[in-house]
Amino acid sequence: MKTKLNSKILISALLSFSMIVMLLSGVRATENETLTSSNWEYGVNGENVYIMKYTGTEEDVVVPAVIDGKKVVSIGEDTFTDCKTLKNITLSENIKNIESNSREAFPCFNGCDNLENIIVDDNNSEFSSEDGVLYSKNKEVIFLYPRGKNVAEFVIPEHVKYLGRKAFGQCENLKKVSIANSIKDLSDGVFEGCSSLESINIPESLESIGVGAFSGCKSLKEIVIPNGTKSIGIYAFSNCKSLKEIAIPSTVESLAEINDGNMVEGINGKNASVSSCFAGCTSLEKITLDSKNKKYASENGMLFNKDKTHLLCYPAAMQGIEVIVKTGVKTIAKNTFCENKNIQRIKFPITVTKVEDGAVNNCSNLEKVTFCGNKPNDLGKFVLGKDDVVIWYSNKYKNSWSNYNLYKKQEYIEPRRTCIGMPTPVRSVKKIKLNKKKLVLKKGKKYKLKYTITPSKATNKKVTWKTTNKKIAKVSKGKVKALKKGKCYIVVRTKDGGKKAKCKVIVK
């Protein structure tokens with residue numbers, strides 16, 4: 001009896017809460033038919049009208065204060081979606097609610113790529129505007145900075161205390177932003193897709209960086225995270241393709257909302273890793289940690305947990321064709337080496353007992369993986385997207401490896417060894433030069449081109465040769481043979497870095 005009574009009380013409470021939410025949000029409490037007036041589709045709830053869709057194509061739009069004698073109080077989340085012609089919109093004093101969702105504050109303006117100004121009636125009790133930017137009434141919150149605003153630099157006023165979710169999202173004209181000292185948190189996706197953003201001034205007051213806060217800021221080359229920042233969300237800097245180095249202060253306690261060491265419950269309920277903060281940062285060469293940080297550590301540009309038993313992130317642009325993971329590391333986290341195109345070989349020490357899924361995902365030049373001990377107890381699907389990767393391990397017997405899902409990779413046995421140290425020092429190719437820029441040959445004659453690589457002690461000096469016209473001249477290992485009268489180029493390209501040089505060939 002007591003259980004049934006408690007269940008009834010719970011259901012009653014939930015229903016009451018649902019009704020309160022509907023009433024407070026200004027959204028209809030009951031379903032009504034969709035009505036039309038001019039370019040507006042709307043519904044009615046008592047004496048109030050809620051706009052559902054704008055169907056016009058005008059550049060300047062004024063949301064009506066009244067329709068059919070009833071006040072227009074609410075704008076639905078799809079009202080102006082993909083209105084490409086919309087440039088200026090005016091909200092009346094009656095607007096009390098603009099619908100939001102769990103992902104962003106005002107999705108009703110999604111796809112309004114040319115929207116420059118949002119203007120709010122001075123008598124509106126909930127919203128205000130300044131220079132075309134939508135604020136809360138007291139101007140302590142920036143709700144939305146219009147995507148089409150043609151301004152390169154924006155200084156967030158000191159009276160602003162909070163930035164709404166995706167407030168500056170997809171603002172492709174912004175190049176520089178200065179954030180006020182009054183702001184402590186950067187909300188989820190606040191600068192997402194600001195593809196031209198080159199400089200951001202973050203105040204010392206900042207405490208947290210939200211999920212995907214700078215995702216897609218592909219022009220951002222550097223960012224200074226102030227001491228005092230405590231958390232950095234999943235995908236915070238994902239696809240910041242120009243970012244080369246990032247320093248994490250001593251105060252950071254949470255990267256990608258850490259849970260159980262290095263895994264989190266990520267977007268869409270899928271597990272994500274610490275390295276997801278930097279996913280798609282294809283120019284990132286180095287991550288450094290303040291030595292006073294109590295939860296994380298860095299060494300040679302790589303990110304670890306504090307005691308360095310978990311390797312969390314190996315930057316995508318970090319140099320080195322061979323990586324030797326230091327003894328003592330026990331776990332290789334999900335996506336640790338993801339998208340590094342430089343790595344050709346990886347050696348894991350005997351101490352590694354766990355390799356999580358996708359650890360070397362999209363390492364397109366990876367050729368060989370060596371385990372210097374027995375098969376890890378927990379081996380995820382760490383080799384993905386490449387069919388010719390060779391797996392080596394030192395155990396005398398293959399045990400159950402032949403039945404393990406390694407995508408039919410080759411397996412070899414080698415003597416047990418102990419691996420120490422970190423990435424093998426690598427000298428990358430800076431440039432290549434041919435001994436001739438122009439070559440004149442008679443038909444049937446041959447000449448061997450010679451190349452010089454800088455630096456002379458580069459680790460990988462392998463090159464490929466190519467002719468731009470096989471009918472005029474062919475080339476093999478630098479040996480050029482003239483075949484037919486005409487002109488073409490012989491091109492030599494380094495495998496390391498793709499540096500190239502060319503020689504013009506004239507056959508007479």
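# Close-up views of a strand-rich chain

**View 1. The whole chain, as a starting point.** The protein chain has one helix and 44 strands, and the model shown here is a predicted one. Of the 508 residues of the protein chain, 47% count as buried. The protein chain exposes about 25,900 Å², and 48% of this area is supplied by carbon and sulfur atoms. When contacts are counted between residues at least 6 apart in sequence, 43% of them join residues at least 24 apart.

**View 2. Strand β6 and its partners.** This view follows strand β6, which covers residues 70-75, together with strand β3, which covers residues 48-54. The two strands run parallel and are joined by four bridges, and in this pairing Asn48 stands opposite Lys71 in β6. Strand β5, made of residues 66-67, is joined to β6 by two bridges, and here the strands run antiparallel. In that antiparallel pairing, Ile67 stands opposite Lys70 in β6. β5 and β6 form a hairpin with two residues between them, and Asp68 in the turn has a positive phi of about 55°. Strand β8, residues 97-98, also pairs with β6, in the parallel sense and over two bridges, with Ser74 standing opposite Asn97 in β8.

**View 3. The two faces of strand β24.** In a regular strand the side chains alternate between the two faces of the sheet. Strand β24, which covers residues 286-289, shows this alternation: Ile287 and Leu289 point to one face and are buried, while Lys286 and Thr288 point to the other face and are not buried. Strand β20, residues 245-248, runs parallel to β24 and is joined to it by four bridges, and Ala247 of this pairing stands opposite Thr288 in β24.

**View 4. Glu245 and the residues around it.** Glu245 has its place in strand β20. Is this residue buried, exposed or partly exposed? Because its relative accessibility is 42%, which lies between the limits of 20% for buried and 50% for exposed, Glu245 counts as partly exposed. Glu245 and Lys286 are 41 residues apart in sequence, and in space their C-alpha atoms are 4.9 Å apart. If the neighbours within four places in sequence are left aside, Glu245 is in contact with Leu284, Lys286 and Thr288.

**View 5. Two nonpolar cores.** The largest nonpolar core has 54 residues, and the members that touch the most other members are Ile156, Phe168, Phe191, Phe214, Phe237 and Phe278. Strands β11 (133-136), β20, β24 and β27 (310-313) each supply at least two residues of this core. Apart from this core lies another one, of 31 residues, which includes Ile89, Cys108, Leu115 and Val141. To look at one member of the largest core in detail, the reader can turn to Phe191. Leaving aside its neighbours within four places in sequence, Phe191 is in contact with Leu163, Phe168, Val177, Ile179, Leu186, Ile200, Ala213, Phe214, Ser215 and Cys217.

**View 6. Cysteines without disulfides.** The structure holds zero disulfides. Why is Cys112 not bonded to Cys83, the residue with the closest cysteine sulfur? The two sulfur atoms are 5.1 Å apart, which is too far for a bond, because a disulfide is counted only when the sulfur atoms are within 2.5 Å. Cys112 has a relative accessibility of 1% and therefore counts as buried. Cys217 is likewise in no disulfide, and the nearest cysteine sulfur, which belongs to Cys194, is 5.2 Å away. With a relative accessibility of 0%, Cys217 counts as buried, and Cys217 is also one of the residues in contact with Phe191.

**View 7. An open sheet of four strands.** The strands of this open sheet lie in the order β37-β44-β43-β40, and their pairing is mixed. The edge strands are β37 (438-441) and β40 (463-467), each of which pairs on one side only. Neighbouring strands of the sheet are turned against each other by 20° on average, direction ignored. Within the sheet, strand β43 (residues 486-494) and strand β44 (residues 500-507) run antiparallel and are joined by eight bridges. In this pairing, Val492 stands opposite Ala501 in β44.

Methods: Residues numbered from 1 in each chain as written. Predicted model: local features only at pLDDT ≥ 70, side-chain atom pairs only at ≥ 80, totals over all residues. Heavy atoms only, no water. Pairing = 2+ DSSP bridges. Buried < 20%, exposed > 50% of the residue type's maximum accessible area, 1.4 Å probe, protein only. Contact = heavy atoms within 4.5 Å. Areas by Shrake-Rupley, 256 points an atom, 1.4 Å probe, with all protein chains shown as cover. Axes fitted to C-alpha atoms, helices over the stretch in contact; angles between N-to-C directions. Core = buried A, V, L, I, M, F, W, Y, C linked by side-chain atoms within 4.5 Å.
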